[in-house]
Amino acid sequence: MKVLVTGANGFIGKNLITELERRENITVLPFDIDTEPSVLDEYCKDCDFVYNLAGVNRPEKVEEYMEGNFGFATTLVDALKKHQNTCPIMNSSSIQATLENPYGKSKKAGEDMLYAYGKEVGANIYIYRFPNVFGKWCRPNYNSAVATFCHNIANDLPIQVNDRSTLMRLVYIDDVMEELLQALDGHPHVNSDGYCYVPVVHEATLGEIVNLLYSFKESRRNLVVPDVTPNGFEKKLYSTYLSYLPTDKFAYPLVMHEDERGSFTEILKSVACGQVSINVSKPGITKGNHWHHTKNEKFIVVSGQGTIRFRKHGSDEIIEYKVSGEKLEVLDIPTGYTHSITNEGDTDMVTLMWCNECFNPGKPDTIYEKVDD
């Protein structure tokens, strides 16, 4: 199957081609503004499906809206007509097609022309009026507020927000890709007006978006990870934000609490899911000897060897578990059991620890009691 993608070097085009190339038996025919114009005629002769993503967003002259949007779509259709190719066409339009501005008018003219062409030759026409699309590889300081905010905040640059209460309707690039591939398979989502749409749409004000982005930046200091609810807006926005990090700032430091026994380092925290830490114990060192009312933990020794010992509060019975980085397993630390961990090797013992709540110095829920008392 040969798939023509116009606007191949754009934000949506790059993501789409990446997905198409992962499919077997698909040959991508990429076309962009710097492609030799005669190539379009060749592609239109052989293609089995067209994704028309080409368009003009910020021209130097107003008349270029019509030339770049309606004009190019007309050129595309003329080439298909020449070769009597009635393959399906997906067309990228905009919610602004309903507005009486130059951009909206050019998009609406392109829509009307394509619908008329489809009716004339019997071709399937899939027109998507996209709201704001966000995600990786979107160019900042162009036509996406989300991309600009992500880039500027990640690079310690100022941002300008004219009205924090402005409500944005947004679709995430991965959801767009899933929908466009469904269109390729002949199963697009179509509304009552005949327009195709991405079924997952998020709404957020500019103020909410900016607050989240600054919280992502702050998370490197306070270690609080975002809400990663499946298919949630915050998860998608965080993934987008990370794609704008400067290449020399992927890494960030952690605070290691060190003493003669070893070290303890918090890695990440979540209000809903607790915290993850790394505990390093020197040879012969025992840590712990305390129990919790509600707080519970999971220990995984990833390097070294030792013993974790338990004793239920009020009982004399001591329970022992041998642990080693050579056999990764999780040990639950139940509430009401005083517990300790001892490094019995001759190298540092490294333990990955999860706790069901973030440490609260005002309510530590940690009662000192030796296991062997």
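At 37% relative accessibility, R169 counts as partly exposed, and this residue of the predicted model makes a good starting point for a tour of the charged contacts. R169 forms a salt bridge with E203, whose closest N and O atoms are 3.7 Å apart. The contact ties together distant parts of the chain, with R169 in strand β7 (residues 167–172) and E203 in strand β8 (residues 202–205), 34 residues apart. E203 is exposed, at 51% relative accessibility.

By the distance rule used here, the count comes to 19 salt bridges. Here are three of them, side by side:

| Pair | Closest N to O distance |
|---|---|
| R169 and E203 | 3.7 Å |
| D174 and K136 | 3.8 Å |
| E218 and R221 | 2.3 Å |

D174 and K136 form a salt bridge that also links distant parts of the chain: D174 belongs to helix α6 (residues 173–184), while K136 sits in the loop between β6 (132–134) and α5 (145–154), 38 residues apart. Both ends are partly exposed, D174 at 39% and K136 at 29%.

E218 and R221, by contrast, both lie in helix α7 (residues 206–222), three residues apart, or about one turn of the helix. E218 is partly exposed at 29%, and R221 is exposed at 62%. Elsewhere, salt bridges with shared partners join D156, K217 and K249 into one network.

Now to the strands. Five of them make an open sheet with antiparallel pairing, in the order β15-β14-β17-β12-β19. β15 (318–324) and β19 (367–368) are at the edges with a single partner strand each, so one side of each has no neighbour in the sheet. β15 pairs with β14 (residues 305–312) over seven bridges, and F310 has I319 in β15 as its bridge partner.

Conventions: Residues numbered from 1 in each chain as written. Predicted model: local features only at pLDDT ≥ 70, side-chain atom pairs only at ≥ 80, totals over all residues. Heavy atoms only, no water. Pairing = 2+ DSSP bridges. Helix = DSSP H or I, 4+ residues; strand = E, 2+ residues; numbered from the N terminus. Salt bridge = Lys/Arg side-chain N within 4 Å of Asp/Glu carboxyl O. Buried < 20%, exposed > 50% of the residue type's maximum accessible area, 1.4 Å probe, protein only.
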